[in-house]
Amino acid sequence: MNAARNSLLISGAVLLLSFAAALSILGSPQEVAPPIQGAVLPTPKRLAEFQLRDHSGGLVDRSSFQQQWHLVSYGFTYCPDVCPTLLADLSRFQSLLDEQGEFSDLKIWFYSIDPARDSVEALANYVPWFDSDFVGLRADDAKQAQSFERSLGIRATITGTVGNEDYQVAHGFRLYLIDESGRLRAALTPTRMRDGREFYEPEVLLKDYLALRDWVRKSATSG
């Protein structure tokens with residue numbers, strides 16, 4: 001009887017040790033990425049080299065996406081509805097973030113996928129209207145645009161002849177979160193209605209952003 005009992009105790013101890021070893025390999029629960037409306041990159045992605053221009057005419061490169069966190073949106077100033085709605089929602093999100101006071105070291109960018117019409121001056125007249133802290137971005141040439149867009153996964157197409165008034169611009173609808181080391185951490189997706197409409201809810205954005213920042217902080221301290 002004692003032998004059987006001792007055998008059970010030993011087996012239980014072995015199972016506990018095996019479970020502990022598995023936890024050490026898989027990581028603690030706090031290291032598991034939080035569920036968000038979007039996708040978290042399993043491994044943060046370093047951005048490629050690029051050179052853009054902000055709406056003040058200053059040069060922006062990979063090093064500009066460091067020292068603080070960044071949220072990149074994209075679209076074009078001639079967009080009739082989706083882009084202005086997005087920027088209005090981002091302005092509300094920024095206000096909510098400022099109110100709660102934590103992880104407020106976030107810079108929001110609006111990248112133009114229609115640089116033929118979106119000059120530096122056009123972006124300067126458009127982007128700050130939604131929030132004075134938002135920064136417009138454009139590429140001066142196709143090579144720089146391609147490098148930046150591929151780094152993030154931005155999707156955009158232009159049909160027709162650029163320069164003609166009737167050329168059309170279509171684009172995806174994602175937000176990209178970049179950490180203080182200039183690495184892509186997550187892509188955030190909009191709420192989708194049954195009728196196909198998509199939009200970002202400021203409250204959902206805030207919840208997901210705070211959860212991601214808290215997860216990254218905890219992962220750094222536990223590592």
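This is a short back-and-forth about how the labels on this predicted model follow from its computed values.

User: Before the details, what makes up the protein chain in terms of helices and strands, and how much of the chain is buried?

Analyst: The protein chain has five helices and twelve strands. Of its 223 residues, 40% are buried. The chain exposes about 12400 Å², with carbon and sulfur atoms supplying 54% of that. As for contacts between residues at least 6 apart in sequence, 72% join residues at least 24 apart.

User: Why is Ser73 called buried?

Analyst: Its relative accessible area is 0%, and buried means under 20%, so Ser73 qualifies. Ser73 sits in strand β4. Setting aside neighbours within four places in sequence, its contacts are Leu86, Leu87, Leu90, Trp109, Phe110, Tyr111 and Leu175.

User: What makes the link from the side chain of Ser73 to Trp109 a polar contact?

Analyst: The distance does its part: the side chain of Ser73 reaches the backbone oxygen of Trp109 at 2.7 Å, and the limit is 3.5 Å for a pair of N or O atoms.

User: How do you know that strand β4 pairs with β9?

Analyst: Count the bridges. Pairing takes at least two, and three join β4 (residues 69-75) to β9, with the strands running antiparallel. In that pairing, Val72 stands opposite Tyr176 of β9.

User: And what makes β9 and β10 a pair?

Analyst: Four bridges join β9 to β10 (residues 183-188), against a minimum of two. These two strands also run antiparallel, and Leu175 stands opposite Leu188 in β10. β9 and β10 form a hairpin with four residues between them, and in the turn Gly182 has a positive phi of about 75 degrees.

User: What makes you say that both faces of β9 are covered?

Analyst: In a regular strand the side chains alternate between the two faces of the sheet. In β9 (residues 175-178), Leu175 and Leu177 on one side are buried, and so are Tyr176 and Ile178 on the other.

User: How do you know that the length of α2 agrees with what a helix should span?

Analyst: At 1.5 Å a residue, the 19 residues of α2 should span 27 Å, and the end C-alpha atoms are 27 Å apart, so the two agree.

User: Which residues of α2 are buried, and what do they pack against?

Analyst: The buried ones are Cys83, Leu86, Leu87, Asp89, Leu90, Ser91, Phe93, Gln94, Leu96 and Leu97. An α-helix has 3.6 residues a turn, so residues three or four places apart point the same way. The buried residues of α2 pack against β4, β5 (106-112), α3 (120-130), β8 (168-171), β9 and α5 (202-222).

User: Which residues have the most contacts inside the largest nonpolar core?

Analyst: Phe65, Tyr111 and Phe148, in a core of 56 residues. Helix α2 (residues 82-100) gives the largest share of this core, seven residues. In soluble globular proteins, nonpolar side chains tend to be buried together.

User: What makes Asp141 a cap for α4?

Analyst: A side-chain oxygen of Asp141 lies 3.1 Å from the backbone nitrogen of Lys143, at the N-terminal end of α4. That distance is within the 3.5 Å limit. The buried residues of α4 (residues 142-152) include Phe148 and Leu152. Just after α4 comes Gly153, with a positive phi of about 95 degrees.

User: Why does Gln67 count as exposed, while Phe103 counts as buried?

Analyst: Exposed needs over 50% and buried needs under 20%. Gln67 has 71% relative accessibility, so Gln67 counts as exposed. Phe103 has 13%, so Phe103 counts as buried. Gln67 is in the loop between β3 (59-61) and β4, and Phe103 is in the loop between α2 and β5. Neither is a glycine, yet phi is positive in both: about 75 degrees for Gln67 and near 55 degrees for Phe103.

User: Last one: why is Asp195 called exposed?

Analyst: Its relative accessibility is 55%, so Asp195 clears the 50% mark. Asp195 lies in the loop between β11 (191-192) and β12 (198-199). A polar contact of 2.8 Å joins its side chain to that of Arg197.

Key: Residues numbered from 1 in each chain as written. Predicted model: local features only at pLDDT ≥ 70, side-chain atom pairs only at ≥ 80, totals over all residues. Heavy atoms only, no water. Buried < 20%, exposed > 50% of the residue type's maximum accessible area, 1.4 Å probe, protein only. Polar contact = N/O pair within 3.5 Å; in protein donor to acceptor, adjacent residues only side chain to side chain. Core = buried A, V, L, I, M, F, W, Y, C linked by side-chain atoms within 4.5 Å. Contact = heavy atoms within 4.5 Å. Expected span 1.5 Å × (residues − 1). Areas by Shrake-Rupley, 256 points an atom, 1.4 Å probe, with all protein chains shown as cover.
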